[in-house]
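Below are my comments on the model, set out as numbered points. Please read them with the sequence and coordinates open.

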Amino acid sequence: MEFLDKFFKNQSLQANDSGIFRALFIRNPQPIFVFNLDKQIISINQKLKELLGYSLNDVVRLKNKWFPDGDSDLFQYHFHNALNGIPTVFESTLLHKNGQSFPVELSLIPSMKEDETEVVFAVCQDQTTLKDYENKLGRVFNSLEQAERISSIGSFEYDVASQQAIWSKQVYDIFGINDSNFVPKLDTVRSFVHPQDVEKYDMGLKQLVESHHNYHLEHRIIRMDGEERMILICFDALFDEVGQVAKVIGVIQDITEKKEMENRLAESREQFLSVANHLHAGIWSIDRRDSHFTFYSKGVQEIIGVSPSILNENPAQLIEMVHPKDRSIIEEGRKKLKDGEEINQQLRIIDKNGRTKWISLQTIPYLDDDRNLIRMDGIVQDITREKESVEVYTNLVDYDYLTRLPNRNYFYQILDQRINQSKKDHKSFAVFYLDLDRFNYINDTLGGEIGDRLLISFSKRLNQLLDKRSFLARIAGDEFVICIEANHQVEETLEVARKIIKEMELPFFVDEYELFTTVSIGISSYPIDGTDSYTLLKKAIQALKKVKELGRNDWQVFSSSMSIESFRLFQLERDMRKAIFNHEFYIEYQPKVDTRSGRIEGAEALIRWEHPDWGIVSPNEFIPLAEENGMVFKMGDLVLQKVCLLLKAWKEEGVPVVPISVNLSPKRLLKVNFVEDVQEIIKSAGIDPSLIEFELTEYAFIKNLESTKSIISRLKEFGVKFALDDFGTGYSSLSYLMKLDIDTLKIDKSFIDGIGLNTKNEGIIKSALFLSKELNMKVVAEGVENQQQLNFLLQQECAQIQGYIFSKPVKADQFKKFLRKGIIQALPTKRSTHSVENRRKYYRLGFVFPLSADMIVIKFKNKNLQLGKSKSLIEDISLGGLKYLSSINLPIQHDLILQFTTTILDKEMSFIGRNVWKEEVDGLFQYGFKFSMSVSEKNQFAAILNQLTLQLRSNSILPSCSFFQGSKKEYF
C-alpha cells in the first residue's frame with residue numbers, strides 16, 4: 001500500500017482525490033495487479049488475493065509462476081505494448097494456489113506521466129462462468145443446427161435498423177445458396193419468393209407489424225438452382241421502447257414433401273369420399289368409448305334415414321331403429337365384436353318414415369392392448385330390393401303363381417324336413433293327394449279363366465279347413481297335396497279327410513256361375529307306407545287312383561294291396577322304352593262288319609304288348625303309362641307305319657283290303673309337323689289315304705278345338721277319314737259335330753251293355769243313330785257281345801258292328817284269313833264252363849263265401865322281393881292248392897312265387913306256391929294256385945282241412961275263419 005500512497009502523491013492529486021483512487025483500487029470488484037516497468041508486481045488488491053489465494057509476498061516471490069508456461073510469452077507481448085502506452089486486452093490463464101487453472105481476461109492499462117509509462121495496471125475478468133456458458137451455448141448451437149438439418153428447419157434474425165439478417169446454415173440450404181459472399185437482406189430474401197406469392201408474403205409482414213403477434217405464412221420460393229419449393233415461415237417481432245419493430249426473428253421450414261404428401265392424402269381422401277359417397281352403401285366409423293360417429297359417408301344417412309350427427313346426440317336411437325324381431329341379432333353381434341370377431345349381419349330397420357328396410361351390416365372391431373373394444377368400422381348396405389327379389393324368386397321357384405300356395409318343389413323340401421324330424425321324434429304323419437272331380441269339364445266348358453278362379457276359391461276354402469300343423473301345396477293343375485301330423489291317431493287323419501270332402505260338396509260361386517265339384521283324396525302314412533318323400537307321394541297317388549276307380553268323391557287310405565301292382569307298373573314303365581326295339585309290341589285287328597250280312601267293312605288296329613316277364617299286358621295299363629312318359633308318340637307312329645306297310649303287302653298279295661282305323665292320342669295332335677309326318681308315312685307305303693281312319697275321343701276335340709279342326713281339315717283333304725270314338729261318354733256337344741268334319745260315330749260299349757237292361761241306354765243309342773243319319777255319318781256300335789244286343793241294333797238299322805259276337809281282336813295272319821273269306825258269322829254267346837276239378841288230384845273244398853286273404857310276392861325271376869300285401873279271395877282249397885280271385889293281372893310263370901295268409905279255425909295259415917292257370921271273370925282275375933309243401937306240412941294241413949270240412953257241413957259261415965260276405969268287386 002506504500003506504493004499506492006507514493007503513486008497517488010506523485011500524481012499531484014489532492015488528498016481527497018487520492019483517497020478516492022485508493023479506495024477504488026482496494027475495493028474494486030475486479031482483481032487488479034500493479035506492475036512496475038520491470039514486470040514486477042508491486043501491488044495487488046483484495047479481490048486478486050481472493051482469486052488466486054496468494055498474498056502480496058507470495059505473488060512477489062513467485063514472480064510470474066502463476067502464469068501457465070504457454071501463456072508467459074503472450075503476457076510478455078501484451079506487457080510490451082502497455083509499456084509503449086498502448087492499452088491491451090487478451091485472454092489468458094492463471095494458476096490458483098491449489099494448482100487449478102481458470103480462464104481470465106486481462107486488461108493491461110499503462111499509467112503515463114509526461115508521455116512515459118510509470119506503472120501498468122492489470123485488471124482481471126474471471127471468465128470461468130462465461131466460458132461455461134459459451135461452451136453450453138456452442139453445444140446448444142450445434143444441436144440446434146443438427147436439429148434444423150434433420151427437420152429442414154432454419155432460423156433467422158433480421159435487424160431493422162441495419163437491414164441485415166442472420167441466417168442459420170439450414171436457411172441457406174433451403175434457399176439453395178452456396179455463395180459465401182451472399183449477404184441476406186430483406187429485399188434479397190423477397191426476391192426468392194414465388195412471383196404469385198409475393199403479395200401474400202408482403203401481407204404477412206404487414207400483419208406481423210400491425211398485430212404485434214407472431215404470424216405463420218406458407219408460400220413458395222424459387223431456389224438459386226431454379227427449383228420450386230414450399231416453405232413455412234413463422235415470424236415474431238421484437239419491439240423497442242417506443243413500440244417500433246427492432247428485430248424480426250423466426251424459423252423457416254421446407255414443407256415441400258409434407259405438402260405433396262398432404263396433397264396426395266387430400267386427393268386420396270377426396271377420391272375415397274367421392275367413391276364412398278357414390279357407393280350404394282354407407283361407410284362409417286364409431287368411437288366405442290363414447291358411441292359417437294367419427295366418420296360416415298353420405299350413404300349412411302341415405303340408408304338409415306337419420307343423420308349420424310343426430311344419432312351422436314342420442315346413440316340409443318340407433319338401436320331403437322332396429323326391428324324388434326331383429327334386435328337379438330344385434331345383441332349376438334355385440335358379443336362377437338367384444339371378442340374382436342368381425343361380423344356380417346342382415347337385419348331390418350324402421351326408418352323415420354316408418355318404412356321397413358333390410359340392411360346388410362359388416363362390422364370390423366378394433367381392440368386396444370388390454371383387449372377393450374375402442375373402435376368399430378363398418379359398411380352398411382340397403383338390401384331391401386335384393387330381399388324382395390329373393391322373395392319374388394322364391395315365390396317363382398317355390399310357390400304356385402295362381403293360388404300362391406307352395407308348389408311341388410317346395411312341398412318336397414318340407415316333406416323331407418318332416419321325414420327327418422319325424423325320425424328323430426318317432427312320430428307319424430299323413431300325406432293327402434287331392435284331385436278335383438269334374439274340373440276338366442268345368443275348365444273346358446266355361447273357359448280357363450273360370451277354371452283358374454275356381455282353383456283359387458278351392459285352395460282358399462281348403463286352407464281354411466287346415467290347422468297350423470298342416471302344410472298345403474298345389475302340385476299341378478287341379479291336384480293338391482297336404483302333409484298332416486297324425487299324432488299316431490289314424491282316426492284323426494280320416495276325420496280331416498271327411499271334413500274336406502263334406503266342405504267341397506258345397507257350391508263355389510264364380511261370377512254368375514254356381515259351380516259344383518267334389519274332391520277325391522288318396523292317403524299314405526309315414527312310416528308305414530314309406531320313409532322317403534317320393535314313395536309317400538307315389539303311394540298317395542295310387543290310393544287316389546283307387547278312389548277314382550270306385551267312383552270319386554271319397555277318400556282312400558293306401559294299403560299294401562297296391563304294392564304288387566305298383567311294382568308291376570314300375571317294371572312296365574321301365575321296360576316300355578326298350579320294348580319297341582325288342583319288338584315286344586304287336587298289333588291285333590278287330591273286324592268291323594256289316595250288321596246284316598256279316599261282311600267285313602273295316603277293322604280297328606289295337607296295339608298289344610307281350611312283356612317277357614309279365615306276359616300279355618292290358619292296353620288299359622300301358623297306354624296311360626305311355627301318355628305320361630311321352631312314349632305314346634313313338635307307339636302311335638309305330639302302329640300307323642305297321643298298318644300302312646301291312647295294307648301295302650296285302651294289296652300286293654291280292655288280298656281284298658278294307659279301311660283300318662288307328663287310335664289317335666290327344667297328345668299326338670300337339671306334335672309339331674303331325675300332318676306332314678302322317679302324309680309321309682302313308683306316301684312311303686304307297687297306299688290310298690282313304691284306307692286309313694283316325695279315331696279320336698271327344699276330349700281331344702274340346703282340349704284343342706281350333707287346332708284339331710285344322711288338322712282334321714288338312715288330313716281329310718289328303719284323303720284320311722276320321723271317327724269319333726266313345727261317343728256319349730265324354731263332353732258330347734252337337735256344336736262340335738257341326739264344326740268338325742267327322743265321318744263316323746262309334747257308340748261306346750257302356751251303352752251297348754245296357755241293351756235289354758236300361759231303357760235310357762237304348763234311348764241314347766236310338767238318338768245317336770238318328771243323329772248320324774241326319775248328319776250323313778256312319779255309325780259303329782262297339783262291344784257287341786250277345787245276340788240280344790245284335791238284334792236290337794239290327795232293329796235300329798245300325799250299319800256296322802264291332803265286338804266279340806263276331807270276333808275278338810286277332811293277329812294279322814288270322815285277320816288276313818278273314819279278309820280272304822270276306823264274311824264273318826256271328827258266334828254263339830253261351831259262355832263255356834271251365835272244368836277245374838280235373839286240374840287237381842285232391843279233393844276240393846268249395847266255400848259259399850270266400851276266405852279273405854293277404855297275398856304277397858316273395859320271389860320273382862329268381863329274386864327275393866319284399867312287396868306289400870295285396871287283397872285276394874280264396875274260393876276253394878285242397879291239399880294241393882287253391883282257387884282265388886284278385887284285381888291284379890299276374891303272369892302264369894313258374895318263377896313267380898306267392899304267399900297267401902288267411903285265418904282258418906282261429907289259426908293264421910300261410911301257403912306258398914305259384915299260379916298254374918288264369919281266367920278273367922267279370923273284370924277280375926281268377927287263378928289256380930299250386931302249393932309248395934313238404935310231406936309233414938301237408939299232413940298237418942290235412943288234419944285242419946278235414947276239421948274245416950266237417951264244421952262247414954253244419955254252418956257255411958264260421959266265425960273262426962276270415963269269410964267275406966260282401967260284393968267281390970267292392971272288396972277290391
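1. Helices (H or I, at least four residues) and strands (E, at least two) are DSSP runs, numbered from the N terminus. This is a predicted model, in which local features need pLDDT of at least 70 and side-chain atom pairs count only at pLDDT 80 or more, while totals for chains, interfaces and linings use all residues. Residues are numbered from 1 along each chain as its sequence is written, and side-chain values use heavy atoms, with hydrogens and water left out.

2. Overall figures. The protein has 34 helices and 39 strands. Of its 972 residues, 45% are buried (buried is under 20% relative accessible area, exposed over 50%, partly exposed in between; 1.4 Å probe, protein chains only). About 52,300 Å² is exposed, with carbon and sulfur atoms supplying 50% of it (Shrake-Rupley method, 1.4 Å probe; for residues, only the protein chains shown count as cover). Taking contacts as heavy atoms within 4.5 Å, residues 24 or more positions apart account for 58% of those with a separation of 6 or more.

3. The second largest pocket. Its volume is about 650 Å³. On a 1 Å grid over the protein atoms alone, a pocket is an open set of points with protein on both sides within 12 Å along at least five of seven lines, whereas a cavity is a set where a 1.4 Å probe fits but cannot get out; lining residues have an atom within 4 Å of a point. Grid points are joined across faces, edges and corners, and a volume is the space filled by probe spheres set on the points.

4. Lining of that pocket. There are 30 lining residues, and Ile-286, Leu-318, Ile-319, Ile-330 and Met-376 are the closest to the centre. Helix 14 gives the most, with 5 residues. Among the other elements that each supply at least two are strand 11 (282-287), helix 13 (316-321) and strand 15 (373-382). The lining divides into 22 nonpolar, 5 polar and 3 charged residues (Ala, Val, Leu, Ile, Met, Phe, Trp, Tyr, Cys and Pro count as nonpolar, Asp, Glu, Lys and Arg as charged, and the others, Gly among them, as polar).

5. Around helix 14 and strand 13. Asp-326 sits in the loop between helix 13 and helix 14; it is buried, with a relative accessible area of 5%. Not counting residues up to four places away in sequence, Asp-326 touches Leu-347 and Arg-348. Ile-350, in strand 13, is partly exposed at 32%. Leaving aside neighbours within four places, the contacts of Ile-350 are Met-321, His-323, Pro-324, Arg-355 and Thr-356. The C-alpha atoms of Ile-350 and Pro-324 are 9.5 Å apart, with their positions 26 residues apart in sequence.

6. Salt bridges. With a side-chain nitrogen of Lys or Arg within 4 Å of a carboxyl oxygen of Asp or Glu as the criterion, the count comes to 43. Within helix 14, Glu-331 and Arg-334 are 3 residues apart, about one turn of the helix, and their closest N and O atoms are 3.2 Å apart. Glu-331 is partly exposed at 37%, as is Arg-334 at 35%. A network of salt bridges links Arg-223, Asp-225, Glu-227, Arg-229, Asp-254 and Glu-257.

7. Which long-range pair is buried? Glu-695 and Lys-592 form a salt bridge (3.4 Å, N to O). This pair links distant parts of the chain, strand 27 and strand 23, 103 residues apart. Glu-695 counts as buried at 2% relative accessibility, and Lys-592 as buried at 4%.8. A further salt bridge joins Asp-511 and Arg-453 (2.9 Å, N to O). Asp-511 lies in the loop between strand 19 (508-510) and strand 20 (513-515) and Arg-453 in helix 18 (residues 448-465), so the pair ties together parts 58 residues apart in sequence. Asp-511 is partly exposed at 46% relative accessibility, and Arg-453 is partly exposed at 33%.

9. Backbone geometry to check. Most residues other than glycine have a negative phi, and most peptide bonds are trans. The peptide bond from Tyr-526 to Pro-527 is cis, with omega near 5°; Pro-527 is in the loop between strand 21 (518-526) and helix 20 (533-549). Lys-39, not a glycine, has a positive phi of about 65°. Lys-39 belongs to the loop between strand 1 (32-35) and strand 2 (41-44) and is partly exposed at 29%. Asp-906 also has a positive phi of about 65° without being a glycine. Asp-906 is in the loop between strand 37 (896-904) and strand 38 (907-921), and it is exposed, with a relative accessible area of 63%.
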